[in-house]
Amino acid sequence: MNEAGEQCWLCHRELGRKREWHHPVPRQKGGRAVVPLHPICHRTIHAHLTNAQLARLGADREAILRCEPIARFVAWVANKPADFHAPTYGRR
């Protein structure tokens with residue numbers, strides 16, 4: 001279950017029952033730190049950015065939000081419930 005007030009690293013909405021752990025710097029690129037995300041937010045990141053791009057951006061959330069499709073997604077999902085789910089579409 002969610003600890004009260006715990007937020008998704010990407011969209012800053014409160015986390016629901018389901019969460020996934022994201023390596024801002026991919027493990028294959030040496031990353032060890034993890035951040036909590038909604039599953040839909042996690043899929044959106046990986047649908048629009050490669051591991052090489054994520055390694056360059058690191059844990060810079062603002063840089064990730066400069067990716068236009070991700071910024072549009074975060075604006076769209078902002079008022080959805082914590083456990084909201086929908087298909088994720090991207091370039092892959």
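Student: I'd like to start with one residue and its surroundings. With which residues is leucine 10 in contact, leaving aside its neighbours within four places in sequence?

Tutor: Leucine 10 is in contact with Leu37, Cys41, Ile45, Arg61, Ile64, Leu65, Ile70, Phe73 and Val74, once neighbours within four places in sequence are left aside. Keep in mind as we go that this is a predicted model.

Student: Many of those partners have nonpolar side chains. What is the general idea for such side chains in soluble globular proteins?

Tutor: In soluble globular proteins, nonpolar side chains tend to be buried together. Here, the largest nonpolar core has 20 residues. Leu10, Cys41 and Ile70 are the ones with the most contacts inside this core.

Student: Which elements give two or more residues to this core?

Tutor: Strand E2 (35–37), H1, helix H3 (61–65) and H4 do. Among these contributors, H4 gives the most, with four residues.

Student: Let's look at two of those helices. At what angle do H1 and H4 pack, and how far apart are their axes?

Tutor: Helix H1 covers residues 39–48 and helix H4 covers residues 68–77; they pack at an angle of about 165 degrees, with their axes 10 Å apart. To read the angle, you need one cut-off: values over 145 degrees count as roughly antiparallel. H1 and H4 are therefore roughly antiparallel to each other. The crossing in which H1 passes H4 is right-handed.

Student: Which residues make the contact?

Tutor: From H1 come Ile40, Cys41, Thr44, Ile45 and His48, and from H4 come Pro69, Ile70, Phe73 and Trp76. Sorted by class, the contact of H1 with H4 has seven nonpolar, two polar and no charged residues.

Student: How many of the 10 residues of H1 are buried?

Tutor: The cut-off to remember is that buried means under 20% relative accessible area. Eight of the 10 residues of H1 are buried, so this helix is largely enclosed by the rest of the structure. You can find them as Pro39, Ile40, Cys41, His42, Thr44, Ile45, Ala47 and His48. These buried residues pack against E1, E2, helix H2 (51–57) and H4.

Student: Now for some single residues. Is proline 36 buried or exposed?

Tutor: Proline 36 is buried, with a relative accessible area of 14%. Its place is in strand E2. Not counting residues up to four places away in sequence, proline 36 touches Glu6, Gln7, Cys8, Trp9, Leu15, Glu20 and Trp21. Take Trp21: the C-alpha atoms of proline 36 and tryptophan 21 are separated by 4.8 Å, and the two are 15 residues apart along the chain.

Student: There are also valine 25 and proline 26. Where is valine 25 found?

Tutor: Valine 25 is found in the loop between strand E1 (20–22) and E2, and proline 26 has its place in the loop between E1 and E2. Now read their accessibility. Valine 25 is partly exposed, with a relative accessible area of 25%, whereas proline 26 is buried, at 6%.

Student: With which residues is each of them in contact, leaving aside neighbours within four places in sequence?

Tutor: Valine 25 is in contact with Gly31, Ala55 and Gly58. For proline 26, the partners are Gly31, Asn51, Leu54 and Ala55. Proline 26 and alanine 55 are 29 residues apart along the chain, and their C-alpha atoms are separated by 6.3 Å.

Student: What about aspartate 83: where does it lie, and which residues does it touch?

Tutor: Aspartate 83 lies in the segment after H4. It touches Gly16, Arg17 and Lys18, not counting residues up to four places away in sequence. Aspartate 83 and lysine 18 are 65 residues apart along the chain, yet their C-alpha atoms are separated by 6.8 Å. At 34% relative accessibility, aspartate 83 counts as partly exposed.

Student: One last feature, the backbone angle phi. Which sign does phi have in most residues other than glycine?

Tutor: Most residues other than glycine have a negative phi. Now look at histidine 12, which has a positive phi of about 65 degrees although it is not a glycine. Histidine 12 is found in the segment before E1. With a relative accessible area of 41%, histidine 12 is partly exposed.

Note on methods:
Residues numbered from 1 in each chain as written. Predicted model: local features only at pLDDT ≥ 70, side-chain atom pairs only at ≥ 80, totals over all residues. Heavy atoms only, no water. Axes fitted to C-alpha atoms, helices over the stretch in contact; angles between N-to-C directions. Parallel < 35°, antiparallel > 145°, perpendicular 65-115°, else oblique. Left-handed = near helix turned anticlockwise from the far one by under 90°. Contact = heavy atoms within 4.5 Å. Nonpolar A, V, L, I, M, F, W, Y, C, P; charged D, E, K, R; others polar. Core = buried A, V, L, I, M, F, W, Y, C linked by side-chain atoms within 4.5 Å. Buried < 20%, exposed > 50% of the residue type's maximum accessible area, 1.4 Å probe, protein only.
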